[in-house]
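Student: I would like to learn how to read strand order, helix packing and residue exposure from a set of coordinates. Could we work through one case together?

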Amino acid sequence: MEPRITPERAGGGRSGAVEPAPARTSESADGDVRRRIPRTDALLGEPRLAEAARRLGTPVVKAAVREAQAGARAGRVPPDAVADAAVALLPDTAGGLRAVINATGVLLHTNLGRAPLSAAARQAVAEAAGPTDVELDLDTGVRARRGRTALRALRERVPSAGAAHVVNNGAAALVLAATVLAAGREIVISRGEMVEIGDGFRLPDLLVSTGARLREVGTTNRTTAADYAAAIGPGTGFVLKVHPSNFRITGFTRTADVGELAALGVPVVVDIGSGLLAPHPLLPEEPDAETQLRAGARLVTASGDKLLGGPQCGLLLGEEDVVRTLARHPLARALRVDKLTLAALEATLTGPPTPTAAALAADPTVLRARAHRLAAALRAHGVDVQAVESAATVGGGGAPGVTLPSGALSLPESYAVALRTGHVPVVGRLEAGRCLLDLRAVPPEDDERLAEAVRAAAGR
Ligand SMILES: *Cc1c(COP(=O)(O)O)cnc(C)c1O
């Protein structure tokens with residue numbers, strides 16, 4: 001049977017980029033090629049593509065088929081290789097998100113999904129994906145508290161917390177606290193802690209959206225306990241301390257500590273941001289939940305996907321009656337997390353050190369040695385690359401101003417695009433006209449994949 005010309009238009013493929021057909025010298029040669037391009041129905045019946053359709057869904061496979069057919073019409077794919085081309089274009093998963101290698105040197109990169117999950121957390125997510133006992137006690141057959149094992153793990157890591165609750169993210173934790181403890185009342189906050197967390201989202205706006213009013217005290221650089229004391233009255237819901245997690249104020253500065261504020265007789269809520277549960281030896285200025293609670297905070301809020309190294313979620317840790325009140329508020333239902341988040345959080349808390357912890361603790365000598373070994377191997381393939389010293393940062397997730405010595409591959413700037421758009425996308429950082437691939441956030445087991453991506457980029 002002669003394949004018919006298919007009038008389908010290309011598009012919807014993974015890259016979405018299909019070049020127009022080059023001009024032909026002969027109409028009939030063009031028509032001949034087009035007649036030999038297999039039809040969509042025939043391609044979808046091809047065993048490999050039929051199997052892929054069962055695994056990924058027909059729309060994903062159809063998109064790859066159309067892109068391959070367009071390639072054939074444009075003369076880039078021989079008509080008898082369209083099926084092979086479509087197979088090569090198939091994504092690994094049905095989801096649109098693609099795994100990338102984070103070579104930016106920013107450990108918690110918001111655009112790259114912040115903390116990467118540990119192997120233990122990924123496994124827990126896979127296990128929880130089907131039906132689970134998230135709200136059922138299998139021993140008694142009776143309904144049980146949702147996520148109880150994750151909450152227990154959280155409390156074990158923060159002994160001073162009488163109770164814990166988990167919501168969708170750090171912003172949700174603040175919204176819940178403000179709604180329950182301060183709607184129609186005042187939140188007393190320092191002018192030095194009116195923070196924009198990113199992408200135009202500002203904490204003061206978030207807090208006011210709950211119906212609470214802000215009572216600003218002090219100045220940008222200096223706020224004392226007396227400033228707070230003067231503002232506190234019958235209308236006070238709570239005093240809020242916000243960790244400036246993405247900027248630093250230095251010089252003539254002063255802040256009141258949580259102990260002083262707790263002595264003022266109103267609830268103190270501390271938004272620590274980063275999710276450190278206990279002090280971190282390498283980040284002495286980064287606040288942690290246990291220390292804040294011990295100092296007298298009634299409630300601590302934090303993100304799960306920053307320095308804690310877990311899934312996106314918001315943690316609420318504090319006095320038992322306060323946390324219970326928050327967890328029972330109707331809004332808590334709208335902010336609740338799914339079983340996959342609970343599974344990942346618990347495995348993050350109880351499992352081996354997270355990738356984020358490993359990246360933070362990585363020895364600069366080892367990072368530089370990795371850079372030298374990779375650079376030598378790539379130079380042997382003719383790549384214009386050097387191993388250089390580099391300075392990594394924690395990123396939007398905390399520890400502003402802290403730089404972490406690191407090792408990097410330095411490549412010509414033109415590599416940046418080729419690496420980012422390659423088969424295994426690699427995101428580096430541009431610095432002084434070079435494309436740097438910083439190894440601090442790259443797990444050592446990814447070195448070979450990174451080298452392969454650089455070789456592929458060199459050939460493009
Ligand atoms: C990151 C951050 C937030 C927002 O947390 P999300 O998890 O991104 O919603 C709030 N406060 C502080 C201090 C932060 O650092």
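Tutor: The turns below take a sheet, a helix pair and one residue in order. Please keep in mind that this is a predicted model.

Student: In what order do the strands of the open sheet lie, and what is the pairing?

Tutor: Strand order is read across the sheet, from neighbour to neighbour. Here the open sheet has 5 strands in the order E2-E14-E15-E18-E17, and its pairing is mixed.

Student: Which strands stand at the edges?

Tutor: The edges are strand E2 (106-108) and strand E17 (429-431). Each has a single partner strand, so one side of each is left without a neighbour in the sheet. Between neighbouring strands of this sheet the average turn is 45°, direction ignored.

Student: How many bridges join E2 to E14, and do they run parallel or antiparallel?

Tutor: E2 and strand E14 (residues 386-395) run parallel and are joined by 2 bridges. To locate the pairing, one may look at Val106, which stands opposite Thr393 in E14.

Student: How many bridges join E14 to E15?

Tutor: There are 8 bridges between E14 and E15, and these two strands run antiparallel. Within this pairing, Ala392 has Leu404 in E15 as its bridge partner.

Student: Which helix lies across E14 and E15?

Tutor: That is helix H17 (residues 364-379), which runs at about 5° to strand E15 (403-412).

Student: Let us turn to helix packing. At what angle do H6 and H15 pack, and how far apart are their axes?

Tutor: A helix pair is described by an angle, an axis separation and a handedness. Helix H6 (residues 119-128) packs with helix H15 (residues 339-350) at about 150°, the axes being 8 Å apart. The crossing of H6 past H15 is right-handed.

Student: Which residues make the contact?

Tutor: H6 contributes Ala120, Ala121, Ala124, Val125 and Ala128, while H15 contributes Lys339, Leu340, Ala343, Ala344, Ala347 and Thr348. By class, the contact of H6 with H15 comprises 9 nonpolar, 1 polar and 1 charged residues.

Student: Finally, why does Glu431 count as partly exposed?

Tutor: Exposure is judged from relative accessibility, and partly exposed is the class between under 20% and over 50%. Glu431 has 39% relative accessibility and therefore counts as partly exposed.

Student: Where does Glu431 lie, and which side chain does its own side chain join in a polar contact?

Tutor: Glu431 lies in strand E17, and its side chain makes a polar contact of 2.9 Å with that of Arg429. As for distance within the chain, Glu431 and Leu326 are 105 residues apart in sequence, and their C-alpha atoms are separated by 46 Å.

Definitions and conventions. Residues are numbered from 1 along each chain as its sequence is written. This is a predicted model: local features need pLDDT of at least 70, side-chain atom pairs count only at pLDDT 80 or more; totals for chains, interfaces and linings use all residues. Side-chain values use heavy atoms; hydrogens and water are left out. Two strands pair if DSSP finds at least two bridges between them. Helices (H or I, at least four residues) and strands (E, at least two) are DSSP runs, numbered from the N terminus. Axes are lines fitted to C-alpha atoms, for helices over the stretch in contact, and angles run from 0 to 180 degrees between N-to-C directions. Contact means heavy atoms within 4.5 Å. A crossing is left-handed if the near helix is turned anticlockwise from the far one by less than a right angle, and right-handed if clockwise. Ala, Val, Leu, Ile, Met, Phe, Trp, Tyr, Cys and Pro count as nonpolar, Asp, Glu, Lys and Arg as charged, and the others, Gly among them, as polar. Buried means under 20% relative accessible area, exposed over 50%, partly exposed in between (1.4 Å probe, protein chains only). A polar contact is a pair of N or O atoms within 3.5 Å; within protein, one must be able to donate a hydrogen and the other to accept it, and residues adjacent in sequence count only if both atoms are side-chain atoms.
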